[in-house]
Structure formats: C-alpha cells, structure tokens
Amino acid sequence: TLGGLVGINQASLSSLATILDSHTSGTVSGNLLTNDLGGMGGLAGANNGGVIQNSGSTSSVVSYSAKRNIGGLVGVNHNGLLDSVRSSGTVSASNANNAGGLVGVNSGVITQGHSSGQVVGTTNSTIGGLIGLNTGGTVSDSTASGKVDNYEGANTGGLVGANHNSTLRNVQASGDGVEDNWNAGNIGGLVGYNGDGSLIQNGVASSATVNAYYPNSGTRIGGLVGANGGTIEYGVSSVADVRAGEYATIGGLVGENHGRISGSSSASTVQAGSYSVAGGLVGQNSGTITAGYASGIVAGDSYATVGGLVGHNLLRGIIDYSSAAGRVTGAQSGWSSYWGYGMTMGGLVGLNEGRATYSQTSTQVDFAPGQSQTFGALVGVNAGAMLGNTVSASASQVPLAGANYGMIDMSW
C-alpha cells in the first residue's frame, strides 16, 4: 500500500483515524503486491474505516503492476468516509487495475467528491473518472470532469467504471469524453456497468463524446450507462455524440438494459456501425423502461437494427408510457453517403419481440429506396405485442410496421 501522505489511514476501536485539510502534489508510482484491501493513492493508499475531509491531491498516480487498486486521492476506501475531497492529477493504470480519478475501489461513503484528472487504463481494467469499482458503496453529490481513456477495458465510465450493490445519487460526469479504442467491454458516459442491486438516481452525463472505436459483439455502450442490470431513476444523457463501430450494442442512454429504467431521457446523437443494434434511449432491452424519452438522431450502417427509442426489445422487454421524437437514418453525421443497406428501422422500436404499450413516436424514419430496408413508423419488425401506442408528425408518413408477425393494436 502506497500513498502520497500516508500508506494506510486505519481506524480502530481507540482511534477514528482522521485526515483533515490536507493536500499532496508530485508523483506517486511503483509496483505493489496484489492486495484486495490495499492500493495506491495520491493522498492515501487505503482508508480503512477512517475519515478524510476537506482534503485533496494534485499528484499523478502511476501503477506498473497488474491487478491493483489505484486512485488519484485514495487507492481503496474500505468502510471509510470521504467528505469534501478532490483530485486533479492523472491516474495511469496497468493491466486489470481498478482505477479512478479519486478512488480506485470504494466500499464506503463518498460525499461531495470531485475529480478533474485524466484516467488511463489498459487490458481488462475497470476505470472511472471518479471511481474505478464501487462495490457496496454510496456516492452522492459528486462529479468528474476528466477524460477517461481505456484500451481493451472491462468497464469504462465517466464517473464510475462498475457499480455493484451500490448507490449513486445526484452525480454528474462531464468533460472531453469517455472512450475505449479496442474491444471495449462496457462503456458509459456516467457508468460502464450498473449491476444487480445498484441504484443510479439523478445521474447526468454531459461529456463531449462516448466512443468505442473498434468494438466487438460484446461491446455495450451508452451515453449514461453501458450495461444496466440495476435501477436507473431520472437519468439524463446530453452527451453530444455516442458512437461505436461494427457489431456493438449502443444506446443514447443505455447500451444494454436488463434492469429497470424510469423517468429518464437522452438527447444524444447515436451513431452505430454495420450489424449493430442501436436505440435513441436503449440499444437492447430485456428489462423494463417506463416514462423514457429520446430526442436524438440514431444513425446506423449496413444491416444495423435501429429504433427511435429502442433498437431491439427482446422477449422479456417491456416499454411503457415512453416516447421518441428524433430521427432514424442510415446517414452518418459528417458523411455525404447513405450507408444503410439492409437496415431495420422503426420510429419507436427497430425489432420488437416483447411488449410496448401506451407509447408515442414522432420520429422521422429516413429510409432510402433500393436499399433493401425494412422500416415502419412504429416498428421495423414486430414479433411481440404493441398496444395503445400512437404515431404522429413525420412518423406517420411511412407504414406503421415494416413487417408484423405479432400484434399491433393502436386502440387497446
């Protein structure tokens, strides 16, 4: 365990272990033995049950060892409290590290934590602008504004890489962008992966870009969250550009959802490559979406499946009381050519195998003659149940469905 001020801030029965009004600068770097409760931090390597308050670090933190916990302020916050803390140094992680601009691994409480430093990771790392791995922790009223760059990472987030059995409340990520340049896992403007039992409430992502340049079929990318198995309430993505290459699952808010999303929205432009699944709000859904709203452009390439709200609503997927008001197209931003051969496009859902009820779309469906596309104002291809939905404005200029093998009842 290695820290710029202390190695371990260790509480005990006789000592609260408090660090107040402290600051470090310089560089913290080296090799460490593997230790789940140990780490490397600009201020403290580990905070075990202690309190760190009104403190900060501008130190750069560099790990040369694999499978370590690295943070701009604290490597590991284990059952401790971080209050009114900040960091601005660059954090550089090695293979399979948990690395965050403020904290590498958090299982304690963080309130009013702020980080503006860049976080860089590599193979199988879980990295975030504020926290790498949040497991059993609570984070509130906190922000991250540094650039987050991973390469073949496991989980990459503008605020948190992976959120397990944890709560994020009133949090925001902004800045230049979040990206993974090769075979990305989960990547999101706020959180890479939000796992079962986790809650994101009032989370906002507003960075310039969220990009996965060379993804694969396992890449899940979203303006707010890459993949969600927990709960998202009142989430907002205003990321300017959410973009991925071939075979990815991509959404303006969430790439892949098997949890619950309510009262959430995206205004992000979504750009997906060939054979991808893309939606203005969610790329692929097997969970529940209630009162969701998407207003951004969703652009696909050849054989992509795209929807104004959801790209692919799977058999167990439920969409209720939601709406889409953007545009679905095969014309990528900045390109003069239309690349949408063989696409499936829907104003609300690209491909529906689940249930979509009492929802509305005014999405413009930008089809192209002679491109072998399947498109509809409500849905490209329906094999599920679509009940009580409405179509208006530009969407009403094309057929309701490109192909229907299920049930569509607009009056139900």
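**Burial, pairing and core in a predicted model**

Q: Is Gln373 buried or exposed in this predicted model?
A: The relative accessible area of Gln373 is 13%. Burial requires a value under 20%. Gln373 meets that cut-off and is therefore buried.

Q: Which backbone nitrogen lies 2.9 Å from a polar side-chain atom of Gln373?
A: Gln373 sits in the loop between β54 and β55 (374-376). Leaving aside neighbours within four places in sequence, its contacts include Tyr338, Met343, Met345 and Phe367. At 2.9 Å from a polar atom of the Gln373 side chain lies the backbone nitrogen of Ala368.

Q: What is the relative accessible area of Ser22?
A: Ser22 also belongs to a loop, the one between β3 (18-20) and β4 (23-24). Beyond its neighbours within four places in sequence, Ser22 contacts Leu5, Leu43, Asn54, Ser55 and Gly56. Ser22 counts as buried, because the cut-off is under 20% and its relative accessible area is 17%.

Q: Which residue supplies the backbone oxygen that the side chain of Ser22 reaches at 2.9 Å?
A: Ser22 lies in a loop that follows β3 (18-20) and leads to β4 (23-24). At 2.9 Å, the Ser22 side chain reaches the backbone oxygen of Leu20.

Q: How many helices and strands does the chain have?
A: Strands make up the chain's secondary structure, with no helix in the count. One of the strands is β1 (residues 2-3), which holds Gly3. The tally is 0 helices and 60 strands.

Q: How far apart in space are Gly3 and Leu73, C-alpha to C-alpha?
A: In sequence, 70 residues separate Gly3 from Leu73. Not counting residues up to four places away, Gly3 touches Gly41, Leu43, Ala44 and Gly45. From C-alpha to C-alpha, Gly3 and Leu73 are separated by 8.4 Å.

Q: Which strands stand at the edges of the open sheet?
A: The sheet has 12 strands in the order β5-β9-β13-β17-β21-β25-β29-β34-β39-β44-β49-β54, paired in parallel. An edge strand has a single partner, so one of its sides is left without a neighbour in the sheet. The edge strands are β5 (27-30) and β54 (364-366).

Q: Which residue of β21 stands opposite Val119?
A: β17 (residues 119-120) and β21 (residues 148-150) run parallel. They are joined by 2 bridges. Opposite Val119 stands Val148.

Q: Which residue in β34 stands opposite Asn211?
A: β29 pairs in parallel with β25 (residues 178-180) over 3 bridges. In that pairing, Asp180 stands opposite Ala212. β29 also pairs in parallel with β34, over 4 bridges. There, the residue opposite Asn211 is Arg243.

Q: Which residues of β29 are buried, on one side and on the other?
A: Both faces of β29 are covered. One side carries Thr209 and Asn211. The other carries Val210 and Ala212. The buried residues are thus Thr209, Asn211, Val210 and Ala212.

Q: Which strand gives the core its largest share of residues?
A: The largest nonpolar core has 80 residues, with Leu159 and Leu190 making the most contacts inside it. Strands that each supply at least two of its residues are β12 (81-87), β20 (138-144), β24 (167-173), β28 (199-205), β29 (209-212) and β34 (241-244). The largest share is 3 residues, and it comes from β24.

Q: Which residue of β51 is the bridge partner of Asn313?
A: β41 (residues 282-285) pairs in parallel with β46 (residues 310-313) over 3 bridges, and Val282 has Val310 as its partner there. β46 in turn pairs in parallel with β51 (residues 349-352), again through 3 bridges. In β51, the partner of Asn313 is Asn352.

Q: What radius of gyration does the chain have?
A: The C-alpha trace spans about 70 × 40 × 30 Å along its principal axes. A compact globule of 412 residues would have a radius of gyration near 22 Å. The chain agrees with this, at 22 Å.

Q: What percentage of the chain's residues count as buried?
A: The chain exposes about 13800 Å², of which carbon and sulfur atoms supply 49%. Among contacts between residues at least 6 apart in sequence, 77% join residues at least 24 apart. Of the 412 residues, the buried share is 61%.

Conventions
Residues numbered from 1 in each chain as written. Heavy atoms only, no water. Core = buried A, V, L, I, M, F, W, Y, C linked by side-chain atoms within 4.5 Å. Buried < 20%, exposed > 50% of the residue type's maximum accessible area, 1.4 Å probe, protein only. Pairing = 2+ DSSP bridges. Rg over C-alpha atoms; globule rule 2.2 N^0.38 Å. Contact = heavy atoms within 4.5 Å. Areas by Shrake-Rupley, 256 points an atom, 1.4 Å probe, with all protein chains shown as cover. Polar contact = N/O pair within 3.5 Å; in protein donor to acceptor, adjacent residues only side chain to side chain.
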